[in-house]
Amino acid sequence: MSEREQTRTADVVIVGTGPAGAAYARILSEERPDLRILQFDAGPIITDPPGAHVKNLIDDNARARAQRLSEGPAPSSVYQSTDTLDGYASDAERIVRAGTFLLEDGYRHGDEAGLPAAAFSTNVGGMGAHWTCACPRPGEGERIAEVSDLDDLLAEGERLLGVSAELMGAAPLAEEVRERLARGLDPHRTRPVQPMPLAVRLEEDGRLWWSGSDVVFGDATRANPNHRLIDRTLVTRVRTVEGLVIGVRVRNLVDGREYEVDAPTVVVAADALRTPQLLWASDIRPPALGRYLNDQPQVVHAVKLRDVLPQDPTRAGGPVDVLSGVSWVPYTDDHPFHGQVMQLDASPVPYDGDILPGEVVGLGWFCAKDIRADDRVEFDDDRTDSYGMPAMRIHYDLTEADRRTLDRAVAEMVAVGELLGDAVFGDPIEFPPGASLHYQGTTRIGAVDDGRSVCDADSRVWGVSGLHVAGNGVIPTALACNPTLTSVALAVRGARAIAREAASALSLHRPQAGTHA
Ligand code: FAD
């Protein structure tokens, strides 16, 4: 088959190469290596292997360049960065993280709160090249009733992401932090304080390798001759005929060339704002599309540990990244926030005073949102964004219930801070909406097609045969914890459904047996 034909027909097209899209590629490569997979990303390859976390680039310039290449058309530097303590202490409305770029406009309507900090990454690996790698499991009301095998799927997600709870457990002062938290909190809670499961592994040379999509792809995908990754190519439309997917339309962002790809199965894993955007652009507009938007209201705080003795940084023996330790205060229905307690370099709060390793602790509390259909991303049929896709308009507000949850989160944070030490910059700070980077719900799973969901538990879009959606958008609950493990787990389920069902549909598209690469 010629090069041209190889990029014009496929059994499965995957849109997006973040952790969710990578999970589809991995499971299909493992379970159905006979399927021809074409995977597109609008962004460039920024690492070798493709999709790796930029934190693994030890050269500062190489890392800065990779981050910039992920920031789409607008450089982040014009907004307040969180790379300095000032970024946290200020009341900057639009904060931005390196490797991401903000929604240009349409992030607020009227006097609604909006999502001023709504952000994206456009690069192979998506936000998974820039994330903190925290991979907690959802619990209690966060769990998804429609997905009966959630625990098995989460275990599979942990395998794909390379999650470990132990690796950072031995970091300096991590045990001390956890003991103080557990003493104060565990007697009143249904889920105990524990080390945060992190997607990171220890290399033979003692360095840490932070997981990105490269880890999710794994050797199974990289060695699969039927998988092709095509970067800098925007998918502009999912093509359908009478409710059946027939392929996609794409634009090469380097030379502007447009072409069509024929495929009976398409997975859209283009993040929780751009997945509904692509469906909208394709005239696939179920009533729940873009609705039930969930951005976890977020509060941060920082303390310096009280009464600690100097530590020997080598005492931990394990990770070379000895300054990191992350503890987890899990969500419970009675305490509807997810707590992330991060020591120094793993923390979002930089600090350049005279301190011991692990001594400054950043607290990040993510609240369970009061989920409403009215919180939504809408798309414009007349205006386009800088990629030429329908422009977004966010409708988003905090309800009375959200304000009460936030007040409780602040009070709990102050109390938790007092268990540990003394506040570094005064009271906790409420981040602007959108800052969580954990947008969910816009293509949510449901048990039945009743207008309140976009897809079934296998992430198949209602009423469009051959179309799957993936990523945090499929999560229907008010998940407060970091969502990537959950969305990778749900992607495993969707990919297995394709693996099971693909044979009959796909054989129809094969020109001749044995002619594909
Ligand atoms: P993404 O990773 O966003 O990937 C989507 C991809 O789709 C992008 O590569 C984009 O270029 C591509 N795309 C979009 N539209 C198109 C199109 N039309 N055509 C082609 N390609 C397209 N989550 C956690 O669970 N734990 C954490 O600790 C955590 N920390 C974070 C810290 C930071 C600084 C950031 C930025 C994020 C963090 N997150 C965290 C969020 C996490 O990164 C995301 O949940 C995760 O990456 C989502 O995966 P995804 O595959 O759904 O989407």
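In this predicted model, P49 lies in the loop that connects strand β2 (37-40) with helix α3 (60-69). The peptide bond leading into P49 from D48 is cis, with its omega angle near 0°. As background, most peptide bonds are trans, and most residues other than glycine have a negative phi.

Two further loop residues have backbone angles that deserve a look, and the table sets them side by side.

| Residue | Phi | Loop |
|---|---|---|
| R232 | near 50° | between β11 (227-230) and β12 (233-241) |
| D283 | near 60° | between α8 (274-281) and β16 (298-305) |

For R232 the phi value is positive although the residue is not glycine, and the positive phi of D283 likewise belongs to a residue other than glycine. Is R232 buried, partly exposed or exposed? With a relative accessible area of 40%, R232 counts as partly exposed, because the range for that class runs from 20% to 50%.

Turning to the strands, there is an open sheet of three strands, arranged in the order β7-β9-β10 and paired in antiparallel fashion. Strands β7 (163-164) and β10 (208-210) form the edges of this sheet, where each has a single partner strand, so one side of each remains without a neighbour in the sheet. The pairing of β7 with strand β9 (residues 198-202) is antiparallel and rests on two bridges. Within that pairing, S164 has L198 of β9 as its bridge partner.

The remaining topic is the packing of two helices. Helix α2 (residues 19-31) and helix α7 (residues 213-222) have axes that come within 8 Å of each other and cross at roughly 15°. Because angles under 35 degrees count as roughly parallel, this crossing makes α2 roughly parallel to α7. The crossing in which α2 passes α7 is left-handed. On the side of α2, the contact is made by P19, A22, A23, A25, R26, S29 and E30, while α7 contributes S213, V215, V216, F217, G218, A220 and T221. Sorted by class, the residues in this contact of α2 with α7 are eight nonpolar, four polar and two charged.

Note on methods. Residues are numbered from 1 along each chain as its sequence is written. This is a predicted model: local features need pLDDT of at least 70, side-chain atom pairs count only at pLDDT 80 or more; totals for chains, interfaces and linings use all residues. Side-chain values use heavy atoms; hydrogens and water are left out. Two strands pair if DSSP finds at least two bridges between them. Helices (H or I, at least four residues) and strands (E, at least two) are DSSP runs, numbered from the N terminus. Buried means under 20% relative accessible area, exposed over 50%, partly exposed in between (1.4 Å probe, protein chains only). Axes are lines fitted to C-alpha atoms, for helices over the stretch in contact, and angles run from 0 to 180 degrees between N-to-C directions. Angles under 35 degrees count as roughly parallel, over 145 as roughly antiparallel, 65 to 115 as roughly perpendicular and the rest as oblique. A crossing is left-handed if the near helix is turned anticlockwise from the far one by less than a right angle, and right-handed if clockwise. Contact means heavy atoms within 4.5 Å. Ala, Val, Leu, Ile, Met, Phe, Trp, Tyr, Cys and Pro count as nonpolar, Asp, Glu, Lys and Arg as charged, and the others, Gly among them, as polar.
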